[in-house]
Amino acid sequence: MALSTAKSSSKNSTMAAQTSPLARLSLIIFTLSMFMWCSYGSSDKRQVYIVYMGNLPKGKVSTTSLHTSMLHEVLPSSTVGSEVLLYSYHRSFNGFAAKLTKDEAAKLREKDGVVSVFRSQKKQLHTTRSWDFMGFNKKVKRSIIESDIIVGMLDTGIWPESQSFNDTGLGPIPIKWKGTCQSSANFTCNRKIIGAKYYRANGDISPYDYKSPRDSEGHGTHTSSTAAGGLVSKASLYGIAKGTARGGVPSARIAVYKICWSDGCYDEDILTAFDDAIADGVDIISLSVGSFFSSEYFDDTIAIGAFHSMKNGVLTSNSAGNSGPILSSITNFSPWSLSVAASTIDRKFITKVKLGNGKIYEGTSINTFDLKGKMYPFIAGAAAPNTSQGYTSEDSRFCGPGTLNETLVKGKIVFCDYDSDGTGPAQAGAIGAVFQSGGYKDYVFPYSLPLSNLNLDDGRNVLNYVNTTENPTATIFKTNVEDDQFAPFVVSFSSRGPNPATPDILKPDVTAPGVDILAAWSEVVPLTETKDDTRIVPYNIISGTSMSCPHATGAAAYVKSFHPTWSPAAIKSALMTTAFPMSSKNNLEAEFAYGAGHINPAQAAQPGLVYDAGEIDYVKFLCGQGYTPKQLKLITESNFTCSEETNGAVWDLNYPSFTLSSTPGNSITRVFHRTVTNVGSPVSTYKAVVNAPPGLIIQVQPSVLSFKSIGQKLTFIVTVGAEIGNSMISGSLIWDDGVNQVRSPIVAYASL
């Protein structure tokens, strides 16, 4: 698995989303080919498999002995040992990770007590202004028990010396905490970072990584400070985006579970971290990690871990992924977790280019360098090919590494016909670079030299100036922050729905700030991946659903601090039904881009009504999805039996959104049964307000809900009829009591 950042600053990490769609397609093709090669490799080769067995066995049973015994039954006795059994999951659920051949895995798959057996995958890692943008300012009402909330961060670790994790003013560690701190010569915990562990089943740690919970990538430090970092004034990246950095719950505690390294995040480590985090007593789990491919619910370690978290009253907040804007590209979509898309905030980063003729063009980037307005010689990359290495102007126009003639480029600003990481111009000694590309420009990157990325129209004008002017000159200004009047909209890289596993459950659930977010950073990671970049910063600006996920995590923790007994489903409902509505004018994919809308943390603590759900509701849902009674008995602690009465239709899962799909050109009608719980005024009356555009018919019975006490539950039925063409139609249902507006999206679409 990999982290869900739009671009990672780690030395060897794979980018989940590139500026170029071609690059993204190439990555998908490469990954698919590697996946198929691995999947159809020799059956004798040992690979890491996850054997998931559901709940812990009752009574005094040694799960490790049980797992070892199972391995003895399928493996030669001489091979069973620590080099085969990597992890035994025994604190929160039952299972193990082991090195197996395909044949051995197949034998285990047939054994009683086994829910699923699947190959471990390597997953990918998918601020100052962002909280204020949501109306969640520093003076927002705080719960007196916020400092008892523990946020579990499953990520690349943490940089404990960051001012965002200063524990000044915090009281004793909460009594409920059962975790530990893997202290070492270079890492200690405090009253802010109350626990920290690292996981690496294969034991292979590269020179780029720390054998401790310390963060060598920056990603985990960034996400942790976004979710629960303390207040740090005058934070910025070289003066850019200056302000007060803070998390959603500044006085909450952080528990660190380092599952990701410079080469990715492995399933066996992820599931072990879940096992520990649940047992340690965290209140919320945040995981900005995802797969390249979607999987069945119980063939995916994140969905498995989130299910057991839910059973134990812990909500898991997941990044949606960075493979957008392709439809059905979302990889974290289990109904018991919160799936978070990434959207913009009301600022954008503009880097201006001034030409010798006085004209100024606006591009995008994060340029921390200040050329003081000095004009430098300007040359087109096409005019400076490195012919000594066999390159022509057709190569050098793109400014790839090694393609430029250093003698011609050194000390000049170079114009390039493609958006890259700037390595080529930097290696050739250029003082700066101007790119032109037709790629998405709704998020930006820092570079190792002054650089601005122009659109094709402006790029064409600038290139014409370079090619037709004798002794052309230019300068690149330091990045300036400007207002973005179109915000919020979901960024291009954010993975889209519909849900690939259960089409009639809307995913993502919500969107949150994930573009150009300033937060804490590891002070060992250079600002860019370019070899000669030595800039080390305490705060960095990056983008990704990795950045939106901890915003939702912080918001969920905020709600939890006011309502510590609420279930994960109730907290998720509060975030969804109070979300700011968004418009398809800025995102054609509509709810497949932003779900219920943009999170509104302050309002989420007072939602009025919640759509609650527990383990039994999800088990009924799984019955309806075709899971067998044998599998469900292992997953749950009950003797639940799937029957015609208990097979839960997907439309009856008590979800805070309504979704129906059919083949193109058909008419369809679905009936949804829902129950809401009153968490607002004891005596209140809610009226149904329906928004039904042409092609959608929505009926609600009853249309009035009258509550007489807090905690009272009332049931209603929504009947939706839709004329489905080749696209989607969306409306909404709002329960309104004059104070609270409890809004749910209603989506009908054509499935392929």
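In this predicted model, the link between Cys 260 and Cys 265 is right-handed, with 110° about the S-S bond. The two residues form a disulfide whose sulfur atoms are 2.1 Å apart. Both ends are out of reach of the surface in the sense used here: Cys 260 is buried, and Cys 265 is buried too.

This link belongs to a set, since a search of the whole structure finds 3 disulfides. Another of them joins Cys 181 to Cys 189, with an S to S distance of 2.0 Å. The link of Cys 181 and Cys 189 is right-handed, with 90° about the S-S bond. Its surroundings can be read from the accessible area of each end. Cys 181 has a relative accessibility of 25%, so it counts as partly exposed. Cys 189 has a relative accessible area of 22% and is therefore partly exposed. The cut-off that matters in this step is 20%, because buried means under 20% relative accessible area.

The disulfide still to be described is formed by Cys 399 and Cys 416, with their sulfur atoms 2.1 Å apart. Its torsion about the S-S bond is about -95°, so this disulfide is left-handed. Cys 399 lies in the loop between α8 (393-396) and α9 (406-409), while Cys 416 lies in strand β20 (residues 413-416), so the pair ties together parts that are 17 residues apart in sequence. Cys 399 is buried, at a relative accessible area of 0%, and Cys 416 is buried, also at 0%.

Cys 549, by contrast, is in no disulfide. The nearest cysteine sulfur is that of Cys 260, and it is 12 Å away. A disulfide needs sulfur atoms within 2.5 Å, so a pair at that distance does not qualify. Cys 549 is buried, with a relative accessible area of 0%.

The last part of the tour concerns a pair of helices. Two packed helices are described by the angle between their axes and the distance between the axes. Helix α5 (residues 219-228) packs with helix α12 (residues 545-562) at an angle of about 30°, and their axes are 7 Å apart. Angles under 35 degrees count as roughly parallel, so α5 is roughly parallel to α12. The crossing of α5 and α12 is right-handed.

Which residues make the contact? On the side of α5 they are His 219, His 222, Thr 223, Thr 226 and Ala 227. On the side of α12 they are Ser 546, Met 547, Pro 550, His 551, Thr 553 and Gly 554. The residues of this contact divide into 3 nonpolar, 8 polar and no charged.

Terms used: Residues are numbered from 1 along each chain as its sequence is written. This is a predicted model: local features need pLDDT of at least 70, side-chain atom pairs count only at pLDDT 80 or more; totals for chains, interfaces and linings use all residues. Side-chain values use heavy atoms; hydrogens and water are left out. Buried means under 20% relative accessible area, exposed over 50%, partly exposed in between (1.4 Å probe, protein chains only). Helices (H or I, at least four residues) and strands (E, at least two) are DSSP runs, numbered from the N terminus. Axes are lines fitted to C-alpha atoms, for helices over the stretch in contact, and angles run from 0 to 180 degrees between N-to-C directions. Angles under 35 degrees count as roughly parallel, over 145 as roughly antiparallel, 65 to 115 as roughly perpendicular and the rest as oblique. A crossing is left-handed if the near helix is turned anticlockwise from the far one by less than a right angle, and right-handed if clockwise. Contact means heavy atoms within 4.5 Å. Ala, Val, Leu, Ile, Met, Phe, Trp, Tyr, Cys and Pro count as nonpolar, Asp, Glu, Lys and Arg as charged, and the others, Gly among them, as polar.
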